[in-house]
Structures are given as structure tokens and as C-alpha cells.
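I opened this notebook to keep a record of what I looked up, entry by entry, for a reader who has not met the structure before.

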Amino acid sequence: MNALEILTKRGIVNTVSDPALGDLFAKEMVSFYCGYDPSFRSLQIGNLFAIVTMRRLQELGHRPVVLVGGATGCIGDPSGRSTERNLLEMDTVRSNVESIRKQLESLIDFGDKKNGAILVNNYDWLSKFNFLDFLRDVGRRFRVSDMMARESVKRRMESEDGVSYTEFSYQILQAYDYLHLYENHGVRLQMGGGDQWGNITAGIDLVRRVRAAQVFGMVVPLVTDSKGQKFGKSLGGTVYLDPEISSPYQMYQFLMNAEDVCVVDYLKYYTFLSLEEIDELAREVSERPEGRVAQRRLAGEVVKFVHGEKGLAQAEKATGIFFGDAIENVSDDDLQSIFAEVPRVELEKDKLAAGINIVDLLALTPIWKGKNDVRRSIEQRGAYLNNIPVEAADVTVTTANLASAGALVVRKGKKNYALVKVV
């Protein structure tokens, strides 16, 4: 099978501009590109689908050209937006570009080989235009009626806020990116998410008008949960690829919480497991959903791809701690990440150093209703300090009991946690 057939069989292709793309894949190494605007210093897990697809195509022998939009990031893409983006300062855009560049270089093979990926920044060519030259050389190739027919523009035109000339022009800039990459890097395919279809077809049309050449577009499905919410959002917010923003544990837990009705598709999109392996995991979902075997495999594969073996080990250790494993050799940052969603209280370090009775300590937290409730929990073996059962109500807790440099973890029952931060 050619690359298009392989992706289609996996459910990765939502729309393709021309099925002749399959013949092109079969005949030669295809240079293809996908772009990312640096609206923030990290990509998020929703962006990861296209990144994995680029890596998948690369492993099939084709060459990724990864575009970071240092220029278009200053404008803002109206696609998928109901209001105009806040424009970023140039220094912020440059900083975000560098951060995203480092992320991408860890996920796609930029090695010195025939189909090694290259990374480009559209600021390098778009910044060379002056306004009049751009209108004369590029703008005249576009019909306003066609631009207004784009779905992203139509929706905004019908809204109360409308669309600014700045965002209206975005599709021209992205179309020119495609022409530039065709002329300078031999790019024949642009890929992206479903909301990029209008921008992609604008680029296809521009290359045809200027160079009388056929190039292609392909979009992947929009990934959502069963309620239609975009993949990548959790109760705690967006899950980012930068471990300093979203820890490997947070990513692992987000994926572990994937719904049964969605997890098989996520395995096809986000992992490199064979379809045979995924079929076996689908049977597990159907026959033993309570085991969450498919979710655990999804979480393990994705976290390992993004954060490496070390990140996966950290995530699995943190998961074990949350489910009752002993707490040892853990940093404050790890504990803050693991127990980000639980109640927390503060305790002065001097009081802990002098020693505090376990009943008094546990009663400080909101998971017990008072000291009598604490004593009942201890008698019923349902009170824990750092995941170790509290044996008696007369135990004294000191700095020697710290779970990390500055925190204690207390638990009531199986999963009712609180964090005591020492200040």
C-alpha cells in the first residue's frame, strides 16, 4: 500500500484534494509540510496528532518540512475562532518560535538523511516584502469573492464582531507559504487539521496559477471526545507538551481518562501500534472495560513518545503514588503536580519542627470534619500519612515525616487526599 492508503486504513485522512496523491506517494519521496503558529510557548496535545502523522509519513519514506509561523503568528488565523486573537509582541513571537522549534526537533527526525525533516520560519521570507510589492505580486492573484466564501471568513462575517482586514488577509499569507515551499523545497503536499481546509486550498490554487503545477492538500479528522469537545482539554485546562507547563503525569492521567468510545480511535491517531495490536486492545475495551488496558497503553505510548522513557517512568511512579504507593524520593514539584486537584492547607515549619499531634494535623485539612472524625478514621485504619496507615492517635509528626522538602500528603480512605504545604 502507498502512504495515502496506509493513512486512510488507519482513519487518519479526513479529506484529500485529489486521490492522485496516492500515485505520487507510490512513485517518489514526497516533501510535505505542516505549519504551527507560535501563539504560545508550547504546543499542546491536540497538535500532537499532526506531529505523529508527520513522523508516520517520514517513517514511510517521505520528508517533513515543518513550518513555524514567525510572521503569520503576528497576524492570527481566524480559522476556528469566533473573535479576533490578541496580537502578540514580536519579542514574544520570537521566543515562542524558539521554544516550539526545540519541541518539534525532539519529536520528528531532523537527522542528516535523504528524508530528514527541515524546519523553516515564514518570517524569513514574508518579512522581505513591502506592502505595495505584496499587493502587486501576490494579492492580485486572489479574488475577494473566493476569499469571502471560505468557511472561516463566512462565520466571522456573520458574527457580531466581524473579521478585521488583518485576519482576512491571513489566507493570502498562508497560501504564499505553500508557493514559497514548493519553489524552494519541492513541497507537494500541505497537511493540517480540518479547520485549515480553506487555507490549504487557497495555497493549492496559488501554486496552480503561478507555476501551473499540481500540489495537494490533506486534512486529518478533528479529534474530540464523545461530547464534541476538542481533544487536549481537561478539567485542569489544556494539556501542553512542555513538561514545565503540563507534567508527564498530567498527560498520562489525561490519556488514562480517555472514554471507552474514543480510546480506539486515539490509539490509531496518536500511537505507532499496528492495527492488529489495536484490534486486540479494542477487544479488551469491549470485554473488560473496567481494566482500562487500552487507556493505559495509550497513555504509555504517547508519554514515552513526547517525554521519553524517563518521563514515562516519572508518570507511572506518580500514578502509583496517587493510588497508594509509598511516597519516597519525590520533589515538591512532583507532589504539586500529582496532587494539583486536591485540597491543600499550610503549616508553619516551626510548628512541624516542634512536633504536632497527628489528630491535630489531619484536622487542619478539609477532608475530615473535625478531630472526632479523625480519631474514627484512625481506629478504622482509614487515615494515612504519606500513604502509610496511621497506627494510633498519639503519633507525633515532625519534619522527619516530610514526603518532600516542603510537603506532607494525608489521605482519608482510598482516594480522598489533601496536601499540607510547609511554609
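Before starting, I noted that contact here means heavy atoms within 4.5 Å, and that the model I am reading is a predicted one.

Entry one, on Q103. I looked up where Q103 sits and found it in helix 4, which covers residues 90–105. I then asked whether Q103 is buried or exposed. Its relative accessible area is 11%, so I wrote Q103 down as buried, given that buried means under 20%. Setting aside the neighbours within four places in sequence, I listed R41, S42, L43, L241 and D242 as the residues in contact with Q103. For one of these, L43, I could add a polar detail, since the side chain of Q103 reaches the backbone nitrogen of L43 at 3.0 Å.

Entry two, on R101. I stayed in helix 4, where R101 is also found, and noted that R101 is partly exposed, with a relative accessible area of 23%. I also looked up the separation of R101 from Y36, which lies 65 residues apart from R101 along the chain, and recorded 10.0 Å between their C-alpha atoms.

Entry three, on cysteines. How many disulfides does the model hold? I first reminded myself that a disulfide is a covalent bond between the sulfur atoms of two cysteines. With sulfur atoms required to lie within 2.5 Å, the count comes to 0 disulfides. I looked up two cysteines as well: C34 is buried, with a relative accessible area of 4%, and C262, at 8% relative accessibility, counts as buried too.

How values were computed:
Residues numbered from 1 in each chain as written. Predicted model: local features only at pLDDT ≥ 70, side-chain atom pairs only at ≥ 80, totals over all residues. Heavy atoms only, no water. Helix = DSSP H or I, 4+ residues; strand = E, 2+ residues; numbered from the N terminus. Buried < 20%, exposed > 50% of the residue type's maximum accessible area, 1.4 Å probe, protein only. Polar contact = N/O pair within 3.5 Å; in protein donor to acceptor, adjacent residues only side chain to side chain.
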